[in-house]
Protein chains: 2
Amino acid sequence: MAKGEQTRSRLLDAFEELVIEHGERAGTLAATAEHAGVSKGGLLYHFGSKDALVQGLAERLEVFGEAEQRRLSSRPDALEVFLRESVAADRPFDRTYLALLKLGQLDEHQAARDALVLLDDYFLAALTDALGDADLAFLALRVSDGIYVRTALGGSDAVPADAVDRILALLTSLPR
Amino acid sequence: MAKGEQTRSRLLDAFEELVIEHGERAGTLAATAEHAGVSKGGLLYHFGSKDALVQGLAERLEVFGEAEQRRLSSRPDALEVFLRESVAADRPFDRTYLALLKLGQLDEHQAARDALVLLDDYFLAALTDALGDADLAFLALRVSDGIYVRTALGGSDAVPADAVDRILALLTSLPR
DNA sequence: GGCTGTTAACCGTCCAGACGGTATAGTTTT
DNA sequence: AAAACTATACCGTCTGGACGGTTAACAGCC
């Protein structure tokens, strides 16, 4: 990876982390730059504005999202994989998703909302394909969002580790 | 209601509306005061700080929450009522919930998160009681959160009107 | 019924600091 | 040497909050 590309990526990582760990307000230009080990001027060279930073995350999400879609749509155990990963929330994809979920709450940052809506369409298609049931797919997406939100809100025990087991037991007992 | 109490309530209404419609950043002291038809000084008389404003909403939620819990816990159709109202999101309770859900995303405003966690406990107890199934109750709460989030994100068609019908059809077909 | 003092409710102004963004000069890479 | 990148200094705006008034209702007292 070219050096510039690497710095861009580091900046996005830093922005993500600040937003996730300390909320949108902590994701200032100065803080993001410092967290990435770059000066503020350096940040603004790569991302000409705060909005460009958000846009950068949105593009990241889309790249991740396409890969996720491909990966899930062919698996018979897509539901389980999908929900378990929602609870874990430890992959790069999850971090981008969580950050954009927070950013999208603000009036500015339409880009974040657009990216999230687009991703939802991707996932709905993938899960519908894998599960053969659009309603169940929709339900899974809403549960996943709900889990993400509680994770973002509460501390560690916001979503009990075994909760996903019990939810899966419930959902897989559904008539198909 | 005493005049002071009325003004307090108007201020909370204004704060809620600004946060819900235009995001946390729009809920500034000046904007909230103006929206409520009060001067900034007047606002600060009733709520000594921005945090006190959030705390005011948190207390509102708790009052609402207790009433909701009582109302739901005895109904056999609690699941349907609960989910339908989550989608509609048009009662005063829903507005307070949505506002705190946005505020809770920010590092400051621990009060918002505390109130939301407490409410979750209330509802989990009420739904478990009404449904006789803690797992199904938990699932319903997560779905509800997911629906709230999508409502907050997307415009009008974020959550299709008939989605709740289909989800309910799915969930009520579960073995009990 | 007037006079006085008290208090709740409210207003408008001011300020320090934080923030997003610009300008520009300097450095490294190719 | 050009291009890519980085750092520093600075600017205008906005925000939360502090603060010193003002108004009106009310209570006690003579």
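Here are legends for four close-up views of this predicted model, two on the DNA strands and two on packed helices.

**Figure 1. Residues of both chains gather around DNA strand C.**
Let's start with a head count: 15 residues surround this strand, and the closest are Lys40(A), Lys50(A), Ser39(B), Tyr45(B) and His46(B). Which parts of DNA strand C come within 4 Å of the protein? Sugar and phosphate make up 59% of those atoms. Zoom in on the phosphates and you can pick out some polar contacts. His46(B) has a polar side-chain atom 2.4 Å from a phosphate oxygen of the strand. Tyr45(B) also uses its side chain, with an N or O atom 3.0 Å from a phosphate oxygen. With Leu29(A), look at the backbone instead: a polar atom there sits 2.9 Å from a phosphate oxygen. Now for the helices behind all this. At least two residues each come from α3 of chain A and from α1 (3-22) and α3 of chain B. The largest share belongs to α3(B), with four residues. Sorted by class, the surface near DNA strand C has four nonpolar, eight polar and three charged residues.

**Figure 2. DNA strand D also has residues of chains A and B around it.**
Here the count is 14 residues, and the closest are Ser39(A), His46(A), Leu29(B), Lys40(B) and Lys50(B). Of the atoms of DNA strand D that come within 4 Å of the protein, 50% belong to sugar and phosphate. What does Lys40(B) reach for on this strand? A polar atom of the Lys40(B) side chain lies 2.5 Å from a base oxygen. Lys50(B) works through its backbone, where a polar atom is 2.7 Å from a phosphate oxygen. The side chain of Tyr45(A) has an N or O atom 3.5 Å from a phosphate oxygen. Two or more residues of this surface come from each of α1 (3-22) and α3 (40-46) of chain A, and from α3 (40-46) of chain B. Which of these gives the most? That would be α3(A), with four residues. By class, you'd count four nonpolar, eight polar and two charged residues near DNA strand D.

**Figure 3. Helices α7 and α8 of chain A pack against each other.**
Two packed helices are described by the angle between their axes and the distance between the axes. For α7(A), residues 110-131, and α8(A), residues 134-153, the angle is about 135° and the axes are 8 Å apart. That angle is why α7(A) counts as oblique to α8(A). The crossing is right-handed. On the α7(A) side, look for Asp120(A), Phe123(A), Leu124(A), Leu127(A), Thr128(A) and Leu131(A). Facing them from α8(A) are Ala134(A), Leu136(A), Ala137(A), Phe138(A), Ala140(A), Leu141(A) and Arg142(A). Sort this contact by class and you get ten nonpolar, one polar and two charged residues.

**Figure 4. Helix α6 of chain A crosses α8(A).**
How do these two helices cross? The axes of α6(A), residues 92-103, and α8(A) cross at roughly 80° and come within 11 Å. So α6(A) is roughly perpendicular to α8(A). From α6(A), the residues to find are Phe93(A), Asp94(A), Tyr97(A), Leu98(A), Leu101(A) and Lys102(A). They meet Asp145(A), Tyr148(A) and Ala152(A) of α8(A). This contact has six nonpolar and three charged residues, with no polar ones.

Notes
Residues are numbered from 1 along each chain as its sequence is written. Chains are lettered from A and ligands numbered from 1 in the order in which they are written. This is a predicted model: local features need pLDDT of at least 70, side-chain atom pairs count only at pLDDT 80 or more; totals for chains, interfaces and linings use all residues. Side-chain values use heavy atoms; hydrogens and water are left out. Axes are lines fitted to C-alpha atoms, for helices over the stretch in contact, and angles run from 0 to 180 degrees between N-to-C directions. Angles under 35 degrees count as roughly parallel, over 145 as roughly antiparallel, 65 to 115 as roughly perpendicular and the rest as oblique. A crossing is left-handed if the near helix is turned anticlockwise from the far one by less than a right angle, and right-handed if clockwise. Contact means heavy atoms within 4.5 Å. Ala, Val, Leu, Ile, Met, Phe, Trp, Tyr, Cys and Pro count as nonpolar, Asp, Glu, Lys and Arg as charged, and the others, Gly among them, as polar. A residue is near a molecule or strand if one of its heavy atoms lies within 4 Å of it. A polar contact is a pair of N or O atoms within 3.5 Å; within protein, one must be able to donate a hydrogen and the other to accept it, and residues adjacent in sequence count only if both atoms are side-chain atoms.
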